[in-house]
Amino acid sequence: MLYNTSVEAINRDLINAENIKALLEEPSLQKAAELLRAGEVVAFPTETVYGLGADALNPRAVERIFQAKGRPRDNPLIIHIADKEELQELIKGELSCRGEKLISAFWPGPLTIILEKSSEVPPETTAGLDSVALRMPSHPVARVLIKLCRRPLAAPSANSSGYPSPTRARHVLNDLEGKIPLIIDGGPCPVGVESTVVDIRDEEINILRPGGIPEEELERVLGYTPRQSGTVGKDETPASPGLKYRHYSPTTPLIIYNRNHSKQLTAFLKQHRDKKKVFIICDETDISDPGTNFEIVRMGPRADTDLIAHRLFHLLRSADKEENDLILIEKLPAAGLGKTIMNRLYKAAADEI
Ligand code: TXA
Ligand code: MG
């Protein structure tokens, strides 16, 4: 244990865009900004997931992020800014028209853009790449924190590398207690899945990671269907280094099932009679008595992918308990945030039935 990690909660009534002035006066945010300016790491809420922030321009501060998370050194970080004016010093050359278009449509919000980096950005932050990932979060606490420390903040999700991303302060504490000095508790993250990452260096943009902005919305603004990079083998060079690692995985094996195949589901459960308990996350299921001990938790109506995204990582974390031997989760249609949710589940899952 390096630190006695403290968790400081922000009054929920203050967390809205009209209260920026009051938030700037918050003692816990001022303390967080001081720590960040001194080269420390601090966990804070964003609209997507909790981030583990450090001064993006200070290599020693950035190193602390990799250490606390146990993150592979070749996986670059996203830099978070509070105002569009902060973009220019971090990128090489001028922002393109397509960049302007995307930023005016989606910032502040869950869209990360990849551009060529300027010499201001140290190689530690971008894992040696010539490009840099940039995002302007909309969460008032994140924005005020960046403003107070007057530094761009490098911030990956504030989980142990490989585990589901944190959407509540308690999730961060569970993973990083003793490894970081401070967690700012701003309540549950509204979106619940990470930002959409797009490479906008080429004329035609490329989606590197589906996320909080659904593909349909990007399509509407761009006027065409953007390309999408797939996953890569262990020794290949991926477009986004994060694509090659296993992610979002609870320790308990996770299995995806199709609710239209209820016979296979019942047969699968029958085969697992020896299990202590099977935890099933679904909208609705049709299971005829398999003689296996199971518990059902409702994810929400399957058409409401915004709500399911908001709950997803909390559900996966709460299912990951000693008393459960297996977690089953219902497959969702790939519309809206359904595509993002299924991207995370396929990375996390051990199998599909
Ligand atoms: O919503 C989010 O994006 C959250 C919150 C905290 O902002 N952050 C987040 O960071 O999800 P992280 O580090 O968990 O995921 C960042 C992803 C990784 O897959 C990484 O490889 C990719 O972005 N990435 C970062 N810089 C990149 C670059 N220069 N080129 C390609 N991919 C990059
Ligand atoms: Mg992450």
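## A first look at two sheets and their helices

Serine 28 sits in helix α2, which covers residues 27–37. Helices (H or I, at least four residues) and strands (E, at least two) are DSSP runs, numbered from the N terminus. Before going further, please note that this is a predicted model, in which local features need pLDDT of at least 70 and side-chain atom pairs count only at pLDDT 80 or more, while totals for chains, interfaces and linings use all residues. Residues are numbered from 1 along each chain as its sequence is written, chains are lettered from A and ligands numbered from 1 in the order in which they are written, and side-chain values use heavy atoms, with hydrogens and water left out.

**Serine 28 and helix α2**

Is serine 28 buried or exposed? Serine 28 is buried, with a relative accessible area of 6%. Buried here means under 20% relative accessible area, exposed means over 50%, and partly exposed lies in between (1.4 Å probe, protein chains only). Not counting residues up to four places away in sequence, serine 28 touches Glu8, Ile10, Leu182 and Ile184, where contact means heavy atoms within 4.5 Å. Tryptophan 107 lies 79 residues from serine 28 along the chain, and the C-alpha atoms of the two are separated by 26 Å.

Helix α2 has a helical partner, α6 (residues 140–149); the two pack at an angle of about 55°, with their axes 9 Å apart. That angle makes α2 oblique to α6. Axes are lines fitted to C-alpha atoms, for helices over the stretch in contact, and angles run from 0 to 180 degrees between N-to-C directions. Angles under 35 degrees count as roughly parallel, over 145 as roughly antiparallel, 65 to 115 as roughly perpendicular and the rest as oblique.

The crossing of α2 and α6 is right-handed. A crossing is left-handed if the near helix is turned anticlockwise from the far one by less than a right angle, and right-handed if clockwise. On the α2 side the contact is made by Leu29, Gln30, Ala32, Ala33, Leu36 and Arg37, and on the α6 side by Val141, Val144, Leu145, Leu148 and Cys149. These contact residues divide into nine nonpolar, one polar and one charged. Ala, Val, Leu, Ile, Met, Phe, Trp, Tyr, Cys and Pro count as nonpolar, Asp, Glu, Lys and Arg as charged, and the others, Gly among them, as polar.

**The sheet of eleven strands**

Eleven strands form an open sheet with mixed pairing, in the order β1-β8-β2-β3-β7-β4-β6-β5-β9-β10-β11. Its edge strands are β1 (6–9) and β11 (227–228), each pairing on one side only. Two strands pair if DSSP finds at least two bridges between them. Strands β4 (residues 78–80) and β7 (residues 153–154) run antiparallel and are joined by two bridges; histidine 80 has leucine 153 of β7 as its bridge partner. Helix α2 packs on this sheet, touching β1, β2 (42–44), β3 (51–55), β7 and β8 (182–185), and its direction makes about 145° with that of β8.

**The sheet of five strands**

Another open sheet has five strands in the order β14-β13-β15-β12-β16, and the pairing is parallel. Here the edge strands are β14 (294–298) and β16 (351–352), each of which pairs on one side only. Strand β13 (residues 278–282) pairs with β14 in the parallel sense over five bridges, and with β15 in the parallel sense over four bridges. How many of the residues of β13 are buried? Five of its five residues are buried, with Val278, Ile280 and Cys282 on one side and Phe279 and Ile281 on the other.

Some residue partners along β13 are gathered here.

| Residue in β13 | Opposite residue |
|---|---|
| Isoleucine 281 | Valine 297 in β14 |
| Cysteine 282 | Arginine 298 in β14 |
| Isoleucine 280 | Leucine 328 in β15 |

**Helices beside the five strands**

Helix α9 lies across β12 (254–257), β13 and β15 (326–330), running at about 175° to β15. Threonine 266 is in α9, which spans residues 262–271. At 7% relative accessibility, threonine 266 counts as buried. Apart from neighbours within four places in sequence, threonine 266 contacts Asp286, Ile287, Ser288 and Pro290.

Helix α11 (residues 338–348) lies across β12, β15 and β16, at about 130° to β12. The axes of α11 and helix α10 (residues 305–319) come within 9 Å and cross at roughly 20°, which makes α10 roughly parallel to α11. Their crossing is left-handed.
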